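The following exercises concern the sequence and structure shown below. Each task is followed by a solution that proceeds step by step.

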Amino acid sequence: MPKAEKYRILLVDDEDVIRDSVGTLLRENGFDVTTASGVDEALGIIKKEKEFNTVISDIKMPKKNGIELLKAVKEISEDIPVILLTGYADLETAQKAVTHGAYDYINKPVDEEKKLVEPLNRAIKMNQLAKDNKRLMAEILTMAEEHEQLINAL
């Protein structure tokens, strides 16, 4: 897999301590991390920058929650994997997360590197494959149109 620093992660959590500790863990593993303290701030960043490979978000936050962020991110781009973090795991929330397209659902605390970095690397690989598939499909369509034009010209 290419070097992690090429990969931009948006980390969303209302707790400074979590943003700092998880952000540090990700940066130590070579990721380019941008942080947001809530859903509205995160959406503003995504709409402005749009080039995130993965969003990692807490589920329980004041005002708007991580499921709402997940839905909004999927409306902006189906290709951005969203990993949800929670300190309050329950089956109903996990089902909502999966239903709305979460890539993964991880219990806090995220104190072990492999607990977050391994799923993140899988999400990034999936993101890259989705981008490659879109690019290849566009190339195939272009070639098909060119081929059709050549046949019509004969």
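**Exercise 1.** Determine the order in which the strands form the open sheet of this predicted model, and state whether the pairing is parallel or antiparallel.

*Solution.* Step 1: The open sheet consists of five strands, arranged in the order β2-β1-β3-β4-β5. Step 2: The pairing in this sheet is parallel. Step 3: β2 and β5 are the edge strands, since each of them pairs on one side only. Step 4: From one strand to the next, the twist averages 20 degrees.

**Exercise 2.** Place the strands within the succession of elements along the chain.

*Solution.* Step 1: The protein has five helices and five strands. Step 2: Read from the N terminus, the elements follow the pattern β-α-β-α-β-α-β-α-β-α. Step 3: Along its principal axes, the C-alpha trace spans about 70 × 30 × 30 Å.

**Exercise 3.** Describe how β1 is joined to β2, and how β4 is joined to β5.

*Solution.* Step 1: Strand β1, residues 8-12, runs parallel to β2 and is joined to it by five bridges. Step 2: Valine 12 has alanine 36 of β2 opposite it. Step 3: Strand β4 (residues 82-86) and strand β5 (residues 104-107) also run parallel, with four bridges between them. Step 4: Leucine 85 has isoleucine 106 in β5 as its bridge partner. Step 5: Between β4 and β5 the chain passes through helix α4, residues 91-99, and this β-α-β crossover is right-handed.

**Exercise 4.** Which ring lies under the charged end of arginine 8, and how many aromatic pairs does the whole structure contain?

*Solution.* Step 1: The ring is that of phenylalanine 52; the charged end of arginine 8 sits over it, 4.4 Å from the ring centre. Step 2: For a pair of aromatic rings, the centres must lie within 6.5 Å. Step 3: A search of the whole structure finds zero such pairs.

**Exercise 5.** Where in the protein is the confidence lowest and where is it highest among the elements, and how should residues 1-5 be read?

*Solution.* Step 1: The average pLDDT of the protein is 86, and 95% of the residues score at least 70. Step 2: Confidence is lowest in α4, with a mean of 79, and highest in strand β2 (residues 32-36), with 95. Step 3: Over residues 1-5 the pLDDT is below 50, and this stretch has eight contacts in the model beyond near neighbours in sequence. Step 4: Where pLDDT is low, predicted coordinates should not be read in detail.

Notes. Residues are numbered from 1 along each chain as its sequence is written. This is a predicted model: local features need pLDDT of at least 70, side-chain atom pairs count only at pLDDT 80 or more; totals for chains, interfaces and linings use all residues. Side-chain values use heavy atoms; hydrogens and water are left out. Two strands pair if DSSP finds at least two bridges between them. Helices (H or I, at least four residues) and strands (E, at least two) are DSSP runs, numbered from the N terminus. A crossover is right-handed if, with the strands pointing away from the viewer, the path from the first strand over the helix to the second runs clockwise. pLDDT is the predictor's confidence in each residue, from 0 to 100. Contact means heavy atoms within 4.5 Å. Rings of Phe, Tyr and Trp (its six-membered ring) pair if their centres lie within 6.5 Å; planes under 30 degrees apart count as stacked, over 60 as edge-to-face and the rest as tilted. A charge sits over a ring if NZ of Lys or CZ of Arg is within 6 Å of the ring centre and within 35 degrees of the ring normal. Axes are lines fitted to C-alpha atoms, for helices over the stretch in contact, and angles run from 0 to 180 degrees between N-to-C directions.
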